[in-house]
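Trainee: Please give me a close look at one part of this protein, namely its pairs of oppositely charged side chains. I would like to know where the partners sit and how far they are covered, and then what lies around them in the rest of the chain.

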Amino acid sequence: MASILDEYEDSLYRSASVQQSRASVGIPHSGYVNARLEKETPIFNKQRIDFAPPEKINSLVVSSNQLCMSLGKDTLLRIDLGKPDEPNQVELGRKDEAKVYKMFLDHTGSHLLVALNTSECLYLNRSVQKVRALSRWKGHLIESVGWNKFLGSETNTGPILVGTAQGQIYEAEISVSDGSLFSTNPDQYFRQVYTLEEESGPAPVCCLEIERGIEGKFFIIATTRKRLFQFVGKIPEGTEQQGFSSIFAMHADHLPSFREFPASFGFSEIAFYTPKLRSNPRSFAWMMGNGVLYGTLDYSRPDSILSDERVWVYPSDIDITVNKPISIVLTQFHFLLLLPDRVKAVCTLNGQVVFQDLFLEKFGLLTRMIKDPTVQQIWIHTEKVVFRYHVQRESRDVWKMYMNMNKFDLAKEYCKDRPECLDIVLAKEAEHCFQNKRYLDSAKCYALTQNYFEEIALKFIEAKQEEALMEFLIKKLSNLKPSEKTQTTLLTTWLTELYLNWLGILEGDPSQRNLYLDTREKFRTFLSSPKNKDCLFNNRASIYELLASHGDTEHMVYFAVIMQDYERVVAHHCQHDEYDEALNVLSRHRDEKLFYKFSPVLIQHIPKKVVDAWISMGSRLDARNLIPALVNYSQSASTQQINEAIRYMEFCVYQLEETQQAIHNYLLSLYALCRRDSLLSYLEQAGTNPNRIHYDLKYALRLCAEHGHHRACVHIYKVMELYEEAVDLALQVDVDLAKSCADLPEDDEELRKKLWLKIARHVVQEEKDVKKAMACLSSCALLKIEDVLPFFPDFVTIDHFKEAICNSLEDYNKHIEELKREMEEATQSAKRIREDIQEMRNKYGSVEPQEKCAACDFPLLNRPFYLFLCGHMFHYDCLLQAVFPNLPAYKQAKLEDLQKKLAATSQPSKSHHRPKDADTVSLGKGQQSREQIKADIDDIVAAECVYCGELMIRSIDKPFIDPQKYEEEMQSWL
């Protein structure tokens, strides 16, 4: 049995998958597509099971991958298709002539019912090996079973329905006991609930099906040879275990709804298609005498679950009197009819035979066909052979059928993964819509096809359908790739032209106002689309030309705003005297360059608003670039309007703290022009430090002089430290101002005296005010009465300045007395200094013979030494060695030079023939030079004690061990 599903099936699947993968290679997903590259495998792929039964096969059922077949008279063979190499054989244990009539397997594959031709029924559970007879079922030839898919389990069937050959419908339940292998009676109950009849009386119950709808509603479908009955009713929630008696009781007095057909071939069979496991069936197919009744199942309908019914007659080569169909199986789009020697597949969409498979005579007559609903496999058997059909890509050609039925949405749904088919469907749908004058829908479909662009465009142009043409172009544009820039530019420009033409036509027709507004909105949406932004930006010059050629200034401004071409927008508003709108655009987008360009125009008309906008921009604007606009404006405006310029300049100076000289100079010019008080206040606030003043002093001086602002000029002279000019100009304004200027040169008494003399001369000669002149003497201590007297005329009497003369004489006397006192103090100080010098000459110190050098600890008297007042004593060479490293570089060089000179004077003379007198003179000079050199060396070396002086204090941060010798010293300690 291992070969049933292993080797043959696996090899078949592998070959099919390889062909499919090869067939998918090379099919492009864009552009024009080619036909299929390889021949596809059939939808219904037959496989003969490599199985030779020891006896003839009487019956076969499959469900949930569980296969059960009846062999010969007394054998049941069970196969778990997941483990085909582990078959299970069960003996019926019958010794009479009873034969298997029919077998029924539930949806879980757990419960198997075996109906015998002796009106008996056997039960076999998947988990046991022993067949049990159902005693309550005895006497009934079972034709059909309606399994309970909602309450059934592996050990309990739940309430089920059983149809008999006599037309009765029974309700029953079978349960496996938990305590033992079976309970005493596995059939819990078996009671009749209804009897089906035809015109001639009770008729066999050929099929039973139980389905549950919404809100607890149950639908029971039962068929006889010519009738299809429906029983509909609700079972209260929680009472489902009580069975279906209440539903049948509702029809005790009247017949339920049914469909009846006149012809009959002695039996009927109904098949259902369930798309997913544990879901409700979606469609049905009832095989009866007149053909196949096909339809869908609508669980929302109140009385009948059957919907969209139609009867497909049997193909012409089927004669129900000779080779009537034996079984029917339903798939998603086909129903398969089993005939004695062949299988026919009929499409449920159009009733056409799409598949026929003829079986060889050596296999025998076909007996039954059944489908496993869980894995969607179809099984067929004869008395000695088993076949299986795999359903592969059943929907591959469904799109074509839906397309021919003009059901384009369904057609597209079934070919969305096949671009070559989808293109055909779209083209057909587009053509269908065009012929039915649904031009907009046609345009949308054409845009998705691969048909020639020019052909489609001309088609709409010839039909004079500009709106549909626009729709086609828009859809085509949206489908273009970013790399297709030429096509994008073409479509964008063409659409712009079409929109402008259409808007021009609609604008002149008042009755089309709403359409005009709608079209305008679409045009603006097109212009502002992010996908079109790059193309429109790169071709904005062409778009501007199109807009200008149509005179559409409104959309020109709108397009400029989208392109952020605010310069064009502002220029447009200015040309139409819409200065407030222009300023609003500038303020909203805050572009500095646009402010610089349009401010000269705007400030002429709305100065206050423009200045407010400048101020709101703050430091983002460079005030220097706005000065030309202000200059042009201030030259042609009144004083009140100039105040706006001053307001902005003051904002820059005081709020933004601008230091640019041009800004301060311009503010000065405005102050000088119309605000004298503010001018002087500004100059004083700027201070008197030339390094911290931001305006040009010379320019400010010239400006103030031109406008006659003398006080401002005096202030500028003071800042420039031109005090004489400041005093000369201040005397023309105010003497007190001149006095304040005269005291400024504090470090130059001569200049101060000169300035005060100018003030005094002016007071005496110009104002002829002797008292004020005397006041000048009291204001400046540098002036004396004798400095002022030459300015007075000869006729002035002494009475006016007698007091000043007396005060001057008293000052002279005081000065003379102070000089005498200083001279006496100097004499006493010189006397004390001479006494100290004499005392130092007589000072000495005593050295004991055992004294040692403080540096080397050797006897001191062995070599020349130094004795300091602190008591420390050093050899000359020891002191020199300690002091030299700590001397500055220049003193080290000087000390080395002195040592060389000292060594040179100590060498004996090489000449022995000089005159005696000359030699004596030379020796005297050399001795004097030697003493002086020694003294200079002592001044450097012995300036202070090396232990008590500043040298020791400065060396406090030096390490005890030289860093260069640290490693060597550290190693010596190891």
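Mentor: A helix here is a DSSP run of type H or I with at least four residues, and helices are numbered from the N terminus. With that in hand, we can begin with helix α19, which covers residues 639-655 and holds E644 and R647 three residues apart, so that about one helical turn separates them. Please keep in mind throughout that this is a predicted model. The side chains of E644 and R647 meet in a salt bridge, with 2.7 Å from N to O. As for cover, buried means under 20% relative accessible area, and E644 counts as buried because its value is 15%. R647, by contrast, is partly exposed, with a relative accessible area of 28%.

A second pair can be read in a similar way. K901 and D897 form a salt bridge through their side chains, at 3.6 Å from N to O. These two residues lie in helix α31 (residues 889-905), and since they are four residues apart there, about one helical turn separates them. K901 is partly exposed at a relative accessible area of 43%, and D897 also counts as partly exposed, at 37% relative accessibility. Going back to the pair in α19, E644 and R647 belong to one network with K608 and D612, joined by salt bridges that share partners.

A third pair is made by D441 and R438, whose side chains meet in a salt bridge of 3.3 Å from N to O. D441 is partly exposed, with a relative accessible area of 31%, and R438 is likewise partly exposed, at 39% relative accessibility. The structure as a whole holds 28 salt bridges, so please take these pairs as examples from that set.

To place them in context, the protein has 974 residues, of which 43% count as buried, and its fold contains 34 helices and 32 strands. Its accessible surface comes to about 53600 Å², and 50% of this belongs to carbon and sulfur atoms. Of the contacts between residues at least 6 apart in sequence, 52% join residues at least 24 apart.

Charged side chains also appear on the surface in another arrangement. E818, E822, E824 and E825 gather there in a patch of negative charge. One of them, E825, is found in helix α29, which spans residues 802-841, and E825 is partly exposed, with a relative accessible area of 49%. A nonpolar patch on the surface is formed by F960, I961, Y966 and M970, which together have about 470 Å² of accessible area. Within that patch, I961 lies in the loop between α33 (950-954) and α34 (966-973), where I961 is partly exposed at a relative accessible area of 36%.

An acidic residue under cover makes a useful companion to E644. E394 is found in the loop between β30 (386-391) and α3, and at 10% relative accessibility E394 counts as buried. Leaving out residues up to four places away in sequence, E394 touches I43, T331, Q332, F333 and H334. Of these contacts, the one with I43 deserves a second look, since I43 and E394 are 351 residues apart in sequence while their C-alpha atoms are 5.5 Å apart in space.

Another buried loop position is T157, with a relative accessible area of 2%. T157 has its place between β10 (142-146) and β11 (160-164), and, apart from neighbours within four places in sequence, T157 is in contact with H111, W147, N148, G152, E173 and I174.

Finally, two loop residues call for attention in their backbone angles. N406 has a positive phi of about 65° although N406 is not a glycine; N406 lies in the loop between α3 (398-404) and α4 (408-413) and is partly exposed, with a relative accessible area of 39%. D857, again a residue other than glycine, has a positive phi near 65°. D857 lies in the loop between α29 and β31 (865-867), and at 53% relative accessibility D857 counts as exposed.

Notes. Residues numbered from 1 in each chain as written. Predicted model: local features only at pLDDT ≥ 70, side-chain atom pairs only at ≥ 80, totals over all residues. Heavy atoms only, no water. Patch = residues over 30% accessible without salt bridge, like charges linked within 9 Å, V, L, I, M, F, W, Y side chains within 5 Å. Areas by Shrake-Rupley, 256 points an atom, 1.4 Å probe, with all protein chains shown as cover. Salt bridge = Lys/Arg side-chain N within 4 Å of Asp/Glu carboxyl O. Lys, Arg positive; Asp, Glu negative; His and termini not counted. Charge placed at Lys NZ, Arg CZ, Asp CG, Glu CD. Buried < 20%, exposed > 50% of the residue type's maximum accessible area, 1.4 Å probe, protein only. Contact = heavy atoms within 4.5 Å.
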